[in-house]
Amino acid sequence: MQLEESIRRQFTAAASAYVDSPVHRGGPDLDALLGLAGDVGGARVLDVGTGVGATALAFAERGARVVALDLTPAMLEKARAQA
């Protein structure tokens, strides 16, 4: 439990910065992932460790039904706010 609490503290402090970070909002890795996934309309996608939800939101925008999980509630709050 100490490790989980340490992770939550670290990422709670960084949640707002992740929303504004171009590295965490997208980029070549996300583009490559979406390209490999192809047509995801109607597909189910599980995003574990979603952070502020950039990947989850990108898949949802393309018609996927997405479940996004993260250990840090502050990250999930930011993801919900963007959705």
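These notes walk through a predicted model, from its confidence to its cores, surface and salt bridges.

1. Confidence. This is a predicted model. Mean pLDDT over the protein chain is 93. A full 100% of the residues reach 70 or more. Confidence is lowest in helix 2, where the mean is 81. It is highest in strand 2, at 98.

2. Helix 4. Start with this helix, which runs over residues 54–61. Its buried residues are Ala 54, Ala 56, Ala 58 and Phe 59. What do they pack against? The partners are helix 2 (22–25), helix 3 (28–37), strand 1 (44–48) and strand 2 (65–69). Just after helix 4 comes Gly 63, with a positive phi of about 95 degrees.

3. The largest nonpolar core. Seven residues make it up: Leu 30, Leu 34, Val 40, Val 45, Ala 58, Phe 59 and Ala 64. Helix 3 and helix 4 each supply at least two residues of this core. Ala 58 and Phe 59 are also among the buried residues of helix 4. As a general point, nonpolar side chains in soluble globular proteins tend to be buried together.

4. Ala 64 and its contacts. Ala 64 belongs to the largest core. Leaving aside residues up to four places away in sequence, Ala 64 touches Val 40, Gly 42, Ala 43, Val 45 and Phe 59. Of these, Val 40, Val 45 and Phe 59 are core members as well.

5. Another core. Apart from the largest core lies another one, of five residues. Among them are Ala 15, Val 19, Ala 74 and Met 75. Val 19 comes up again in the next point, as a contact of Gln 82.

6. Gln 82. This residue is found in helix 5 (residues 73–82). Is Gln 82 buried or exposed? Neither label fits, because its relative accessible area is 36%, which makes it partly exposed. Gln 82 touches Val 19, Val 52 and Leu 57, not counting residues up to four places away in sequence. Leu 33 is a useful reference point: Gln 82 and Leu 33 are 49 residues apart in sequence. In space they are 20 Å apart, C-alpha to C-alpha.

7. A nonpolar surface patch. Leu 46, Val 48, Val 67 and Leu 69 make a nonpolar patch of about 380 Å² on the surface. Which strands contribute? Strand 1 and strand 2 each supply at least two of its residues. Take Leu 69 as one example. Its place is in strand 2. Leu 69 counts as partly exposed because its relative accessibility is 42%.

8. Salt bridges. How many does the structure hold? There are two. In one, Glu 4 pairs with Arg 8, and the closest N and O atoms are 3.9 Å apart. In the other, Glu 5 pairs with Arg 8, with the closest N and O atoms 3.9 Å apart. The shared partner joins Glu 4, Glu 5 and Arg 8 into one network.

9. Where that network sits. Glu 4 and Arg 8 both lie in helix 1 (residues 2–20), four residues apart. Glu 5 and Arg 8 are three residues apart in helix 1. Each spacing is about one turn of the helix. An α-helix has 3.6 residues a turn, so residues three or four places apart point the same way. Glu 4 is partly exposed, at 32% relative accessibility. Glu 5 is partly exposed too, with a relative accessible area of 37%. Arg 8, at 25%, also counts as partly exposed.

Definitions and conventions: Residues are numbered from 1 along each chain as its sequence is written. This is a predicted model: local features need pLDDT of at least 70, side-chain atom pairs count only at pLDDT 80 or more; totals for chains, interfaces and linings use all residues. Side-chain values use heavy atoms; hydrogens and water are left out. Buried means under 20% relative accessible area, exposed over 50%, partly exposed in between (1.4 Å probe, protein chains only). Contact means heavy atoms within 4.5 Å. A nonpolar core is a set of buried Ala, Val, Leu, Ile, Met, Phe, Trp, Tyr and Cys residues joined through side-chain atoms within 4.5 Å. Patches are made of residues with over 30% relative accessible area and no salt bridge: like charges are joined within 9 Å, nonpolar side chains (Val, Leu, Ile, Met, Phe, Trp, Tyr) within 5 Å. Accessible areas come from the Shrake-Rupley method with a 1.4 Å probe; for residues, only the protein chains shown count as cover. A salt bridge is a side-chain nitrogen of Lys or Arg within 4 Å of a carboxyl oxygen of Asp or Glu. pLDDT is the predictor's confidence in each residue, from 0 to 100.
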